[in-house]
Amino acid sequence: MILLLLFSLIIMPVTVGAESVHDSSAVKAESARTAPLTIEEVLARIELTHPLLRATGLERAQARAKILKALGAWEPKFRNELEVDRFQTFNLTNVSGVPNTLTGGYSDTMLKIGHPWGFEVFGGIRNGFGDHTTIAGNAGRFITGADTGPVAFPTDMTLFYTQQMAIVGGAFNLLRGFMVNQEFAEFQQAELAGPQAEVKVAQKRQDLYLAGAVQYWDWQVAARQADVVKRTLAVAEERYRMVEGRSKAGAVAPIDVVEAREEVQRRREAAIAAQRKVEYEQYKLALFLWENGQPVTPRPEWAPEFQGETPLPSEEDVAAFKVEATEDRPEVRDLYIEAKLNNIELKLAKNSLLPKLQVEGGPAVGGIYWIGGFGYRVGTLFSMPLFNRAARGKVLHAEAQQQRLAYKQAYTERQVTVDVDNWLSAQVRARDRVKAATEALRLAKTLEEGERARFNMGATSVLFVNMRERAVVEAAYELYRAQADYAVARGGMLWARGALSKPLADSVLAKYGDQLHSAGASGRVLPGRD
């Protein structure tokens with residue numbers, strides 16, 4: 001009968017004498033929950049609500065801002081230029097030698113448009129104004145008239161009246177800056193900021209998924225181990241009462257009562273330490289479980305049992321995992337983008353080796369040219385540094401960077417394949433440990449039951465029974481730790497493949513929240529934006 005009572009106490013959970021500590025979030029959030037907390041829910045909550053993932057998602061908005069900023073280099077510009085000049089016609093049109101002071105000017109209204117290939121064009125209207133003067137042929141007298149304009153004003157592309165004309169012009173590069181220039185390079189790099197932002201989001205998601213999963217299994221181990229300690233404490237307390245009663249009846253020595261009481265205190269201390277371990281792990285796990293902007297602290301009763309063994313991947317699966325890792329791991333994808341960015345810098349540096357040859361044309365600027373009759377001008381600009389050291393230095397730097405990225409890319413691709421082998425080894429060894437720990441726990445329980453039976457018959461002491469029970473606790477600890485390591489190894493394989501960098505399916509996220517406004521989608525373009 002005593003044996004049956006002790007066995008029932010072992011399999012039933014009891015409460016530790018130490019007071020439990022609960023924070024307000026644990027009381028408020030899901031107080032009536034009875035369902036266990038699964039790893040799927042942990043990952044879904046990270047994808048839906050984690051603040052760090054939401055913060056990283058804003059890289060997407062910043063990437064679009066970079067594109068808008070780069071496009072500003074060719075933004076259509078409305079421009080107005082006004083110039084007023086005073087001049088004398090002496091030695092120009094005044095044949096009598098009497099100076100004639102006149103005022104003339106113009107107002108240009110135009111629209112300028114640039115192009116990434118390195119040229120700019122503009123078109124608009126020029127309105128001339130000033131003293132209306134013509135030259136009379138007798139005695140050098142100046143006669144004014146309302147229907148005339150400044151002296152010798154040009155009449156090219158006249159519009160609605162004499163002093164108004166259409167103006168067009170532009171400038172373009174023939175060598176340096178043609179199709180490859182600083183502004184176009186910045187725009188091409190800005191276009192890569194979008195894929196780079198997605199890589200950063202994938203990297204943060206992968207890190208949070210793995211960290212959250214490892215913390216989940218640590219909390220699960222702590223909860224399971226604390227449950228074992230509580231049950232063994234209840235057994236020790238019951239045995240103490242039984243030994244104390246038998247001692248009063250003279251059936252056992254008083255020293256056995258002391259031994260039983262000492263064991264109760266030892267296990268009570270262990271139970272308090274185990275409870276603190278559970279609370280420590282649950283508060284760390286709460287940082288991965290967010291709801292309404294607040295972390296949700298899980299309760300120990302939410303901790304499920306560990307799942308059973310899953311089949312190991314075959315050789316074909318491992319080979320496919322390695323290929324998948326070299327394509328999906330954010331570390332590799334980021335290097336590809338970095339190489340593209342450097343290629344743009346290299347093209348720009350090589351283009352800087354060319355001489356600068358710019359051709360430009362348009363209406364003459366300056367009142368003397370306008371009033372004097374010169375309507376348009378065309379010019380070229382040629383320049384080149386004597387040694388071109390700056391351009392050669394940029395080329396050398398970009399080529400060295402390109403070589404460095406090639407070495408780093410080769411190493412990273414090899415590293416991700418080694419990660420697959422490493423986590424496969426961890427999974428195999430953890431599975432073997434689970435098998436060995438399971439058998440060790442079974443043997444420890446067999447010895448414990450035998451020792452307890454001998455104690456009931458008076459063939460052994462409380463000391464040996466306590467030692468056998470401690471061995472069961474240690475074996476249970478090792479089994480839970482091995483099961484957790486096996487779960488971590490499975491998660492590590494997903495991490496090595498790059499699978500954790502991808503969000504969970506919408507069908508899974510829909511169980512726990514609104515996937516359309518999840519943290520993983522933070523920063524994406526919404527209707528009406530940009």
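Biologist: How should I read the relative accessible area of D156, and does D156 come out as buried or partly exposed?

Modeller: D156 has a relative accessible area of 38%, and therefore counts as partly exposed, since that class runs between the cut-offs of 20% and 50%. Please keep in mind throughout that this is a predicted model, and that every value we discuss is computed from it.

Biologist: Where is D156 found along the chain, and which residues is it in contact with once its neighbours within four places in sequence are left aside?

Modeller: D156 is found in the loop between β5, which covers residues 142–144, and β6. With those sequence neighbours left aside, D156 is in contact with M165, G375 and Y376. One can also follow the distance from D156 to I167, for these two residues are 11 apart in sequence and their C-alpha atoms lie 8.9 Å apart in space.

Biologist: What share of the chain counts as buried, and how many helices and strands does the chain have?

Modeller: The chain has 530 residues, of which 42% count as buried, and there are 13 helices and 10 strands in it. Its accessible surface comes to about 28,400 Å², with carbon and sulfur atoms accounting for 60% of that area. As for contacts, if one takes those between residues at least 6 apart in sequence, 79% of them join residues at least 24 apart.

Biologist: How do I read a residue such as E263, and is E263 buried or exposed?

Modeller: E263 has a relative accessibility of 1%, so it counts as buried, the cut-off for that class being under 20%. E263 is found in helix α7, which spans residues 254–286. Leaving out residues up to four places away in sequence, E263 touches N466 and R470. With R470 there is also a polar contact from side chain to side chain, at 2.4 Å.

Biologist: What do I need in order to describe two packed helices?

Modeller: Two packed helices are described by the angle between their axes together with the distance between those axes. In this structure, the axes of helix α6 (residues 193–248) and helix α12 (residues 462–497) come within 10 Å and cross at roughly 170°. Because of that angle, α6 is roughly antiparallel to α12. The crossing of α6 past α12 is right-handed.

Biologist: At what angle does α11 cross α12, and what is the handedness of that crossing?

Modeller: Helix α11, made of residues 389–456, has an axis that comes within 7 Å of the axis of α12, and the two cross at roughly 160°. So α11, too, is described as roughly antiparallel to α12. The handedness here is left-handed as α11 passes α12.

Biologist: How do the axes of α8 and α9 cross, and which residues make the contact?

Modeller: The axes of helix α8 (residues 315–328) and helix α9 (residues 330–351) come within 5 Å and cross at roughly 45°. That angle means α8 is oblique to α9. On the α8 side the contact is made by A325, T326, E327 and D328, while α9 contributes P330, V332, R333 and Y336.

Biologist: Which values of phi do M179 and N292 have?

Modeller: For M179, phi is near 70°, which is a positive value in a residue other than glycine. M179 is found in the loop between β6 (164–173) and α5 (182–191), and at 36% relative accessibility it counts as partly exposed. For N292, also a residue other than glycine, phi is positive and near 55°. N292 is found in the loop between β7 (290–291) and β8 (294–295), and its relative accessibility of 76% makes it exposed.

Biologist: How can I read separation along the chain beside separation in space, taking A35 and P304 as a case?

Modeller: One sets the two numbers next to each other: A35 and P304 are 269 residues apart along the chain, and their C-alpha atoms are separated by 9.0 Å. A35 is found in the loop between α2 (24–28) and α3 (39–49), and counts as partly exposed at 42% relative accessibility. The reading can be repeated with G379 and G362, which are 17 residues apart along the chain and have C-alpha atoms separated by 9.3 Å. G379 is found in strand β10 (residues 376–383), where, leaving aside neighbours within four places in sequence, it is in contact with Q358, V359 and E360.

Key
Residues numbered from 1 in each chain as written. Predicted model: local features only at pLDDT ≥ 70, side-chain atom pairs only at ≥ 80, totals over all residues. Heavy atoms only, no water. Buried < 20%, exposed > 50% of the residue type's maximum accessible area, 1.4 Å probe, protein only. Polar contact = N/O pair within 3.5 Å; in protein donor to acceptor, adjacent residues only side chain to side chain. Contact = heavy atoms within 4.5 Å. Areas by Shrake-Rupley, 256 points an atom, 1.4 Å probe, with all protein chains shown as cover. Axes fitted to C-alpha atoms, helices over the stretch in contact; angles between N-to-C directions. Parallel < 35°, antiparallel > 145°, perpendicular 65-115°, else oblique. Left-handed = near helix turned anticlockwise from the far one by under 90°.
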